[in-house]
Amino acid sequence: MSSNNNIVNNIGEQIKQLRQSKKISVEKLSELSGLSSLTITKIENGKSNPTINTLWKLTKCLEAPLMSLFKNRGSNVVFSTENHGYFLEDENHKWEVEPIVGQFAPMSINGTSFSKHSF
């Protein structure tokens, strides 16, 4: 299995664990996030490689920090900083990530839609 698959599986497991710990069904998370139940199930089972926007929506609905999905849990994928850079890395790869910095109004969910920001 490739490192990318390990990361996708790890993220899916984290989302499922968060959802279940909050006693939220896939259907309810679908309603809150605006994502289909099928999409959420595929992400949780490691069958889909979600975008950062999708992960952000899910973690906001689950009231968890985005970086909680990258915990070192059963794998060697870690988040690190060095020389003013930010990285996701495992035993074979190191990916530089670039945070988006800005001021945003607090996230709010109105019914099933998110507030949106324009730049």
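Is K23 buried or exposed? In this predicted model, K23 is exposed, because its relative accessible area is 76% and a residue counts as exposed when that value is over 50%. K23 sits in the loop between α1 and α2, and the backbone there has a positive phi of about 55 degrees, although K23 is not a glycine. With this residue as a starting point, we can step back to the whole chain and then return to single residues.

The secondary structure of the chain comes to four helices and five strands, and a reader who follows the sequence from its beginning meets them in the pattern α-α-α-α-β-β-β-β-β. Of the 119 residues of the chain, 34% count as buried, while the surface that the chain exposes comes to about 7,900 Å², with carbon and sulfur atoms supplying 49% of that area. If we take the contacts between residues at least 6 apart in sequence, 48% of them join residues at least 24 apart.

The next place to look is the interior. In soluble globular proteins, nonpolar side chains tend to be buried together. The largest nonpolar core of this chain has 19 residues, and those with the most contacts inside it are I11, I15, L29, I40, L58, L62 and L69. The helices α1 (3-21), α2 (26-33), α3 and α4 (52-61) each supply at least two residues of this core, and α1 gives the most, with four residues. One of the core residues named above, L29, can be followed through its surroundings: leaving aside its neighbours within four places in sequence, L29 is in contact with R19, I24, I40, L58, C61 and L62.

Two of the helices show how burial can be arranged around a helix axis. In helix α3, which spans residues 37-44, the residues I40, I43 and E44 are buried. These three cover an arc of only 95 degrees around the axis, which puts them on the same side of α3. In α4, the buried residues are T54, L55, L58, T59 and C61. Seen down the axis of α4, these buried residues fall within an arc of 160 degrees, so they line one face of the helix.

Among the buried residues of α3, how is E44 placed, buried or exposed, and what is its relative accessible area? E44 is buried, because its relative accessible area of 6% lies under the 20% that sets the limit for a buried residue. A polar contact of 2.6 Å joins the side chains of E44 and R19. Not counting residues up to four places away in sequence, E44 touches G12, E13, I15, K16, R19 and V26.

The residues that come after these two helices also deserve attention. α3 is followed by G46, whose phi is positive, near 70 degrees. α4 is followed by E63, whose phi is also positive, near 55 degrees, although E63 is not a glycine. E63 lies in the loop between α4 and β1, and at 66% relative accessibility it counts as exposed. The loop between α4 and β1 (78-82) also holds F70, but F70 is buried, with a relative accessible area of 10%. The C-alpha atoms of F70 and V8 are separated by 10.0 Å, and these two residues stand 62 residues apart along the chain.

Finally, we come to the strands, where β2 and β3 can be read together. Strand β2 covers residues 85-89, and four of its five residues are buried, so this strand is largely enclosed by the rest of the structure. β2 pairs with strand β3 (residues 94-97) in the antiparallel sense, over four bridges, and the two strands form a hairpin with four residues between them. Which residue of β3 is the bridge partner of F87? The bridge partner of F87 in β3 is E96, and L88 stands opposite W95 in β3.

Terms used. Residues numbered from 1 in each chain as written. Predicted model: local features only at pLDDT ≥ 70, side-chain atom pairs only at ≥ 80, totals over all residues. Heavy atoms only, no water. Buried < 20%, exposed > 50% of the residue type's maximum accessible area, 1.4 Å probe, protein only. Pairing = 2+ DSSP bridges. Arc of directions from axis to C-beta. Polar contact = N/O pair within 3.5 Å; in protein donor to acceptor, adjacent residues only side chain to side chain. Contact = heavy atoms within 4.5 Å. Areas by Shrake-Rupley, 256 points an atom, 1.4 Å probe, with all protein chains shown as cover. Core = buried A, V, L, I, M, F, W, Y, C linked by side-chain atoms within 4.5 Å.
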